[in-house]
Amino acid sequence: MAAHLSSGRVNLTALREAGRRELREFLDKCAGSKAIVWDEYLTGPFGLIAQYSLLKEHEVEKMFTLKPGRLPPADVKNIIFFVRPKLELMDIITDNVLREDRGRSPQRDFHILFVPRRSLLCEQWLKEQGVLGSFIHREQYSLDLIPFDGDLLSMESESAFKECYLESDQTSLYHAAKGLMTLQALYGTIPQIFGKGDCARHVANMMIRMKREFPGSQNSIFPVFDTLLLLDRNVDLLTPLATQLTYEGLIDEIYGIQNTYVKLPPEKFAPKKQGESGKDLPTEPKKLQLNSAEELYAEIRDKNFNAVGSVLSKKAKIISAAFEERHHAKTVGEIKQFVSQLPHMQAARSSLANHTSIAELIKDITTSEDFFDNLTVEQEFMSGIDTDKVNNYIEDCIAQKHPLIKILRLVCLQSVCNSGLKQKVLDHYKREILQTYGYEHILTLNNLEKAGLLKPQTGGRNNYPTIRKTLRLWMDDVNEQNPNDISYVYSGYAPLSVRLAQLLARPGWRSIEEVLKMLPGPHFEERQQLPTGLQKKRQQGENRVTLVFFLGGVTYAEIAALRFLSQMEDGGTEYVIATTKLINGTTWIKSLMEKLEPAPF
């Protein structure tokens, strides 16, 4: 089931198993039949840890979504609420509990499981509402780092960036540090820690403190990771704003990938039969799981979209040739061999059909004039052209009332590529946006400014060209088909965050000391002492393993760039990626938008 989790250098199945064990132990505390009431946001992340079959084995008979009103009827002994510690959810739980029919017999027992931490504030709230005593078990389930793939972990904490940079709330950093401690308990102490940014410094400090406070956590496991690199998202605000151009990145940009699943328009996936009209087309979106367990997807996910078509047509030829083999099978042995290969071949054929349909859907968008114009402006900004004046294309988009998020992404990109905009240019954009889209967005603009995405240029100096040249962030001659540099993931722009990881591995950050000072936050190095006998002696030709932790979110294009570095012949380093949340420009900006409700009168 989870073979794709153990396919990389680090076997992440162990982390998933630890999560499943903790869940089983909690379920077994509540003896008897159970119904789980889910905070809807948690169902996706939990699905990656435990399938319904595991819950069923532990007497979970019913599952409901948390909503106000009476709980649906269920003939079970235990009702367990799985929730995030949020006050608005406590109100719904209170409503559920108070409406419970006390006269019914037998009575149902209530339990609450906070994910990822218990909250004193929430328990106090439940106490004030008079329902805290109804819960027999009140526990926490530390769902910190969830394995998404063989080299990818995410906390799926959607508000981590906003909390850290706008609200100075470091809860998610504490969870990140706890998650890293869990990883070290399973995979050994990480001897070297490098970091860049204020949040990175906080996480490293917390890890060191936790280690000091729990001297028993000194484990005698041989370290799997050589290095941990902690990177703040605000060290590189540019990368998520640009349109990702890898296959997986574009699927996420256009349709959104949620916990490895994507929902697609169904009409492309309807089986076509002769002589049928299109009246029976499915209306439900087609839901597909995307991870490296699928051979074809593992091969094409990180390629630039322009290189995907040729792979798909090659695969189509190979598969049809394999099916042709059946005409040449003469002996019983040959027929038997063909039949034994049939399931694998049919799976490959259906996988190819799916990805051909997805590629067609994406191509319809990437070949549109609007996509091309948008990309041209992005690439001009990233290569340093006309970043200091009002852009005509952006003005036209506002006049035609294109989606607000598209406008915000472009304006923020221009601001970041110019180390802030001149006050006159910034005021012009703000005025245009507020007059076209409504004054309620003034809070959103304020948030973007606080986060450093859309701000006035201070000190009159634009550092971006220096950073761009020193770190080689823009490459004119990019090879999309057979790339030789990470810049292929954005067709020319090399993600700053990944360039920092690449330079850390070789020749080391000392070579870019001046540029690091221009980027926000401190850069640092810590060493964690290993017990004697656990120091690694590297074998000839053995690669180092580096865990790169993005605090505030990471895009699929950055993940693709790190995988590209892992696969380089002479790279010498393999990367595992961890993050607070998998993001793209749209979901990221959305998390910073402020919803202003009109006054009720």
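How many cavities of 30 Å³ or more does the count come to? The count comes to two, and both get a close-up below, along with a pocket, some cysteines and a pair of loops. Keep in mind that this is a predicted model.

**View 1. The largest pocket and the residues around its centre.** Here we're looking into a pocket of about 930 Å³. Its lining takes in 39 residues, and the ones nearest the centre are Glu-253, Arg-409, Asn-584, Thr-586 and Thr-587. Six elements give two or more residues each to this lining: helices H6 (160–165), H9 (247–254), H13 (369–382), H15 (404–416) and H22 (585–592), plus strand S10 (257–258). Sort the lining residues of this pocket by class and you get 17 nonpolar, 13 polar and nine charged.

**View 2. The largest cavity, with lining residues from domain 2 and domain 3.** This cavity has a volume of about 50 Å³. Around it sit Phe-148, Asp-149, Leu-152, Glu-248, Ile-257, Thr-260, Leu-290, Arg-301, Tyr-556 and Leu-582. Domain 2 (148–239 + 496–588) and domain 3 (247–271 + 283–367) each put at least three residues into the lining. Six of the lining residues of the largest cavity are nonpolar, three are charged and one is polar.

**View 3. The second largest cavity, lined in part by strand S9 and helix H19.** The volume here is about 30 Å³. Leu-231, Asp-232, Arg-233, Val-235, Asp-236, Ser-497, Leu-500 and Phe-550 make up the lining. Strand S9 (227–232) and helix H19 (496–505) chip in at least two residues apiece. As for chemistry, the lining of this second largest cavity has four nonpolar residues, three charged ones and one polar one.

**View 4. Cys-199 and Cys-164, a cysteine pair without a bond.** If you're hunting for disulfides, the structure holds zero. Why doesn't Cys-199 bond to Cys-164? Their sulfurs are 4.3 Å apart, and that's too far because a disulfide needs the two sulfur atoms within 2.5 Å. Cys-164 is still the cysteine with the closest sulfur to that of Cys-199. Cys-199 counts as buried, since its relative accessibility is 6% and the cut-off for buried is under 20%.

**View 5. Cys-397, another cysteine in no disulfide.** The nearest cysteine sulfur to Cys-397 belongs to Cys-412, and it is 15 Å away. Is Cys-397 buried or exposed? Cys-397 counts as buried, with a relative accessibility of 1%.

**View 6. Lys-581 and its contact with Glu-156.** You'll find Lys-581 in the loop between strand S15 (573–579) and helix H22. Lys-581 counts as buried because its relative accessibility is 15%. Its side chain makes a polar contact with the side chain of Glu-156, at 3.0 Å.

**View 7. Phe-222 and Pro-531, 309 residues apart along the chain.** Phe-222 is in the loop that runs between helix H8 (198–213) and strand S9. How exposed is it? Phe-222 counts as partly exposed, because its relative accessibility is 43%. The C-alpha atoms of Phe-222 and Pro-531 are separated by 9.7 Å.

Conventions:
Residues are numbered from 1 along each chain as its sequence is written. This is a predicted model: local features need pLDDT of at least 70, side-chain atom pairs count only at pLDDT 80 or more; totals for chains, interfaces and linings use all residues. Side-chain values use heavy atoms; hydrogens and water are left out. On a 1 Å grid over the protein atoms alone, a cavity is a set of points where a 1.4 Å probe fits but cannot get out, and a pocket is an open set with protein on both sides within 12 Å along at least five of seven lines; lining residues have an atom within 4 Å of a point. Grid points are joined across faces, edges and corners, and a volume is the space filled by probe spheres set on the points. Helices (H or I, at least four residues) and strands (E, at least two) are DSSP runs, numbered from the N terminus. Ala, Val, Leu, Ile, Met, Phe, Trp, Tyr, Cys and Pro count as nonpolar, Asp, Glu, Lys and Arg as charged, and the others, Gly among them, as polar. Buried means under 20% relative accessible area, exposed over 50%, partly exposed in between (1.4 Å probe, protein chains only). Domain bounds come from an automatic or database domain assignment. A polar contact is a pair of N or O atoms within 3.5 Å; within protein, one must be able to donate a hydrogen and the other to accept it, and residues adjacent in sequence count only if both atoms are side-chain atoms.
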